[in-house]
Amino acid sequence: MRDLSPTSSIFGTIPEAPPDAILGLNTQYRSDPSPNKVNLGVGAYRTADGQPYVLPVVRRVEQALADDPSTTHEYLPQDGLKEFCNLSASLILGAHSPAFADRRSVTVQALSGTGALRVGFTFVARFLSPQTAVYIPKPSWSNHKNVVVQSGLPPAKEYRYFDYGTGAVDINGMVEDLTAAPAGSIVVLHGCAHNPTGADPSHEQWERVLQVVQEGGLVPFFDNAYQGFASGSLEEDAWSVRRFVDAGIDMLVGQSYAKNMGLYGERVGALTVVSSEGGNNEAILSQLKAIIRAMYSNPPKHGAMVAAAILGHAGMFAEWEEELRKMADRIRDMRQKLRGALVKNGTPGNWDHIVNQIGMFSFTGLTAAQVELMKNKYHIYMTSNGRISMAGLTEDTVEYVADAMKDAVVSLKKGVIHNM
Ligand code: LMR
């Protein structure tokens with residue numbers, strides 16, 4: 001029988017959850033008193049001085065909103081700011097997408113990319129089946145697994161994605177694993193700038209994936225957290241999603257403005273459900289709204305208003321694109337500098353993959369033990385799979401990091417670098 005003495009709490013036996021693989025690092029980093037500490041964990045852009053960056057165009061819009069007496073803090077509807085949803089769908093699907101012409105798409109505002117996944121998977125569990133199999137790439141963003149399970153679906157299965165030998169996409173393994181997936185399974189695809197590997201399929205490889213998806217009756221769920229960060233072009237980075245929409249299949253598309261507009265903490269994103277045939281949009285929208293109402297009622301307004309203002313104004317949009325290119329350039333520059341420093345200090349191994357990978361991260365090939373050494377001895381923080389957020393590096397820290405990597409590679413030789 002339960003102990004009912006005044007000191008026993010029904011919550012007393014709840015076990016502690018493990019720290020989050022990415023956000024847990026921020027907590028550790030913040031409490032580290034070392035003056036040399038470097039945070040290469042979470043994927044958040046930093047300036048050349050290592051500072052958080054508010055895009056000037058974002059700052060201006062925020063100022064204008066604050067000064068505008070017609071700005072209010074009224075509730076948004078469950079599906080969010082209509083104008084933002086329309087502009088966001090155009091950004092990823094293209095303004096002239098066939099999904100718009102045939103009224104095949106429904107877009108709701110979401111709490112950034114994670115929120116889009118969470119609402120999308122809940123929708124899948126409710127209206128496809130709670131037993132729907134979900135396939136995620138191996139490796140993938142660590143939170144994908146959590147979101148799938150918390151949405152009431154079985155634990156995600158993994159499909160082969162990355163070839164550790166070549167540092168490129170293992171397209172044959174990927175196609176083979178997806179061919180074996182049962183019809184109706186959800187396949188999570190990173191639209192561009194794969195996190196954590198920085199390796200994306202080529203257009204030809206996407207065509208092969210599309211073929212498997214079509215022939216196998218699979219349902220893609222595109223996670224687009226980095227549009228504009230892979231190539232520096234918003235259009236090019238939307239190629240994969242648009243190609244699949246053109247092929248006329250049922251799919252889900254998540255978007256985030258955390259990285260590309262720097263609106264991390266504002267939680268601005270969108271979920272789009274694209275159907276192979278029009279005709280059921282109102283019903284789909286009503287169910288998404290019902291899910292959102294019970295989950296958080298309606299989304300926050302500020303970030304969506306900022307994003308909508310930029311997306312809907314040609315001049316500000318152009319300015320944003322220019323800012324995006326600059327951020328992508330600084331990341332590319334740090335790739336060159338890190339590789340250069342590793343070559344210069346004679347770190348064993350080939351480090352070309354650091355410059356060949358794209359997006360916000362470098363999947364260095366360092367093992368968990370080497371990552372641990374870098375943290376304990378040098379106060380350099382990165383995820384245990386050896387992923388580095390490149391924007392966390394600066395001119396001042398790149399050599400320090402390269403020297404620490406050399407020490408880790410030299411002193412823990414065994415199983416060092418994935419054959420790259
Ligand atoms: C990351 O991968 O570091 C980012 O997407 C931030 C996050 O929420 O994990």
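In this predicted model, Lys138 pairs with Glu158 in a salt bridge. The closest N and O atoms of the two residues are 3.7 Å apart. Lys138 belongs to strand β3, and Glu158 belongs to strand β4, which covers residues 157–160. The salt bridge therefore ties together parts that are 20 residues apart in sequence. Side chains of opposite charge can pair when their charged atoms come close. Across the structure, 17 salt bridges are present.

Lys138 also takes part in a cis peptide bond. The bond runs from Lys138 to Pro139, with omega near 0°. Pro139 sits in the loop that links β3 (134–138) to α6 (143–150). A cis peptide bond is also found from Asn195 to Pro196, with omega near 20°. Here the proline, Pro196, lies in the loop between β7 (186–190) and α8 (203–216). Ala193 is found in the loop between β7 and α8 as well. Its backbone has a positive phi, near 55°, in a residue other than glycine.

Asn195 leads on to the ligand site. The ligand is surrounded by nine residues named here in turn: Ile22, Val42, Gly43, Trp141, Asn195, Tyr226, Lys259, Phe361 and Arg387. Polar atoms of Gly43, Lys259 and Arg387 approach oxygen atoms of the ligand. For Gly43, a backbone N or O atom lies 2.8 Å from a ligand oxygen. For Lys259, a polar side-chain atom is placed 3.1 Å from an oxygen atom of the ligand. For Arg387, the distance from a polar side-chain atom to a ligand oxygen is 2.8 Å.

The domain assignment divides the chain into two parts. Domain 1 is made of two segments, 20–53 and 325–411. Domain 2 spans 82–312. Ligand neighbours come from both: Gly43 and Arg387 fall within the bounds of domain 1, and Lys259 within those of domain 2. The centres of the two domains, taken over C-alpha atoms, are 28 Å apart. Domain 1 brings 20 residues to the contact, and domain 2 brings 22 residues.

About 1600 Å² is buried between domain 1 and domain 2. Carbon and sulfur atoms give 60% of that area. On the domain 1 side, Ile358, Phe361 and Phe363 lose the most area to domain 2. Together these residues account for 32% of what that side buries. Phe361 is also one of the residues around the ligand.

Polar links between the domains were counted as well. There are 0 salt bridges between domain 1 and domain 2. Residue pairs in polar contact between the domains number 5, with both residues at pLDDT 80 or more. Within the side of domain 1 that touches domain 2, α12 (314–344) and β11 (361–363) each supply at least two residues. Helix α12 gives the most, with 5 residues. By residue class, this side of domain 1 divides into 11 nonpolar, 5 polar and 4 charged residues.

Key:
Residues numbered from 1 in each chain as written. Predicted model: local features only at pLDDT ≥ 70, side-chain atom pairs only at ≥ 80, totals over all residues. Heavy atoms only, no water. Domains from an automatic or database assignment. Contact = heavy atoms within 4.5 Å. Buried area = accessible area lost by both parts, 1.4 Å probe. Salt bridge = Lys/Arg side-chain N within 4 Å of Asp/Glu carboxyl O. Polar contact = N/O pair within 3.5 Å; in protein donor to acceptor, adjacent residues only side chain to side chain. Helix = DSSP H or I, 4+ residues; strand = E, 2+ residues; numbered from the N terminus. Nonpolar A, V, L, I, M, F, W, Y, C, P; charged D, E, K, R; others polar. Near = heavy atom within 4 Å.
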